[in-house]
Amino acid sequence: MPKAIPKRELSKSKFAMFMRTKCDRELYLSLFSNRPKELAAAGIPIPLKSRPGVQLITASGREFEYEQYDLLVSSIPTHVVHKNNGRASMEFSEALDELEAPALILQPQIEPEEFRDIAFGYLNISPESRALIPKLSGLRPDVLFVGKAGTAEYEILADGSRRRLEGDDQRLPISVIDLKNIAEANASYSAEVCLYAFFLANWFAAQAAPVADRYFVSDQVYLWRHVEMPRFSKILSTKAGGDELKRLEALLNDLKDGLVNYLVYMPSVRRFFVEDVPGVVQKGDSEGWESVEYHVNPRCGSCAVSYTH
């Protein structure tokens with residue numbers, strides 16, 4: 001393995017790809033930034049350009065997100081916090097300052113690299129393994145819902161576990177909502193929602209009062225899929241639909257169809273940081289990228305490094 005290892009960064013999209021492929025070699029190679037000269041000098045394969053089909057899927061997904069953002073802003077304007085109808089991200093702390101619950105926040109931005117040691121400490125990741133985990137890219141959940149006190153049963157703790165709330169807890173629950181241009185959910189998409197929730201919980205763990213004492217992350221996390229939203233659509237056309245809170249209530253009822261079981265998918269997030277990333281980086285850096293295991297199956301179709309198999 002060459003002495004000079006090219007720059008690496010770990011993003012949500014790289015996490016999602018590994019959740020789909022479960023291929024160690026794909027994970028190892030994807031962590032490198034796409035700098036062809038540096039990769040070639042280090043003897044590391046240069047990733048393929050995105051296939052046209054992948055580009056179309058990405059574009060249609062973004063179009064779907066924008067359509068839903070526009071619908072939210074036009075339908076419940078006093079309960080949506082946003083910049084440019086969700087076309088631009090906004091600092092999470094800034095968004096919290098602006099809202100009055102219940103409210104939806106579009107495209108809030110957090111930087112997990114700023115509190116990575118806190119998060120990895122709660123996961124009991126050793127200093128040696130932490131050093132193998134690349135820099136973390138910013139995270140931008142599609143939508144966060146900030147509810148009223150007393151409307152959630154469990155909170156997500158900084159170590160990824162859950163805790164039942166006391167009956168008199170006055171903090172406001174925050175739920176992650178991830179928009180997907182899909183009809184059916186899968187394990188990868190569900191794990192992504194849990195990834196957001198875990199790092200949001202650690203964002204709050206890194207904050208001082210009063211922010212840390214006012215909010216918590218709920219285990220009620222959702223996939224907003226490209227399916228009909230019957231209650232929301234119906235109420236928009238009725239007389240009662242003039243009440244924005246009733247519109248929001250109808251939307252939340254529809255989202256229950258995409259409720260993600262946090263306890264089922266959070267272990268994949270934990271294993272990714274505790275075992276998967278440190279393991280493949282250690283092996284690839286010490287023995288060479290070709291030593292990292294791979295597999296071949298139908299999921300390889302979306303892999304940018306499939307030619308190295």
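1. Start with the second largest pocket. Strand β10 and helix α11 (244-255) each supply at least two residues of its lining. Helix α11 gives the most to that lining, with 5 residues. The volume of this pocket is about 340 Å³. The lining counts 17 residues, and the closest to the pocket centre are F145, G147, T151, Q220 and L252. Keep in mind that this is a predicted model.

2. Next, strand β10 itself. It spans residues 172-180 and is mostly covered, with 9 of its 9 residues buried. Which residues lie on each side of the strand? On one side are L172, I174, V176, D178 and K180. On the other are P173, S175, I177 and L179. Both faces are covered, and every residue just named is buried. Note that the charged residues D178 and K180 are in this buried set.

3. Now the partners of β10. Strand β7 (residues 143-146) runs antiparallel to β10, and 4 bridges join the two. Here V146 stands opposite I174. Strand β11 (residues 215-217) pairs with β10 in the parallel sense, over 3 bridges. In that pairing, I174 stands opposite V217. So I174 is a useful residue to find in the viewer: it faces V146 in one pairing and V217 in another.

4. A further partner is strand β12 (residues 221-225). It runs parallel to β10, joined by 4 bridges. D178 of β10 stands opposite L223 of β12. D178 is also one of the buried residues of β10.

5. Turn to the aromatic residues. The structure holds 13 aromatic pairs. One of them joins F92 and F204. What is the geometry of this pair? The ring centres are 5.7 Å apart and the planes stand at 80°. An angle over 60 degrees counts as edge-to-face, so that is the label for F92 and F204.

6. The same two residues link distant parts of the chain. F92 is in helix α5 (residues 92-98) and F204 is in helix α8 (residues 187-205), with their positions 112 residues apart. Are they buried or exposed? The cut-off for buried is under 20% relative accessible area. F92 has 1% relative accessibility, so F92 counts as buried. F204 has 6%, so F204 is buried too.

7. A second pair is formed by F198 and F199. Their ring centres are 5.0 Å apart and their planes are at 70°, so this pair is also edge-to-face. Both F198 and F199 are buried. They belong to one aromatic cluster, together with F15, F18, F115, F120, F272 and F273.

8. Two arginines sit over tyrosine rings. The charged end of R87 is over the ring of Y66, at 4.4 Å from the ring centre. The charged end of R162 is over the ring of Y154, at 3.6 Å from the centre.

9. Now the interior space. How many cavities of 30 Å³ or more are there? The count is 1. The largest cavity has a volume of about 90 Å³. Its lining consists of L10, S11, K12, F15, P112, L136, S137, L139, L195, F199 and F273. Helices α1 (12-21) and α8 are the elements that give two or more residues to this lining. The aromatic cluster is represented here: F15, F199 and F273 belong to the cluster and also line the cavity.

10. One lining residue deserves a closer look. L10 lines the largest cavity and is placed in strand β1 (residues 9-10). Its relative accessible area is 4%, so L10 counts as buried. Compare its position with S286, which is 276 residues away along the chain. The C-alpha atoms of L10 and S286 are separated by 19 Å.

11. Last, the cysteines. How many disulfides does a search of the whole structure find? The result is 0. C23 has 2% relative accessibility and so counts as buried. C194 is buried as well, with a relative accessible area of 0%.

Methods
Residues numbered from 1 in each chain as written. Predicted model: local features only at pLDDT ≥ 70, side-chain atom pairs only at ≥ 80, totals over all residues. Heavy atoms only, no water. Phe/Tyr/Trp six-rings, centres within 6.5 Å; stacked < 30°, edge-to-face > 60°. Buried < 20%, exposed > 50% of the residue type's maximum accessible area, 1.4 Å probe, protein only. Lys NZ or Arg CZ within 6 Å of the ring centre and 35° of its normal. Pairing = 2+ DSSP bridges. Disulfide = S-S within 2.5 Å. 1 Å grid on protein atoms, 1.4 Å probe; cavity = no way out; pocket = protein on both sides within 12 Å on 5 of 7 lines; lining within 4 Å. Points joined across faces, edges and corners; volume = space filled by probe spheres on them.
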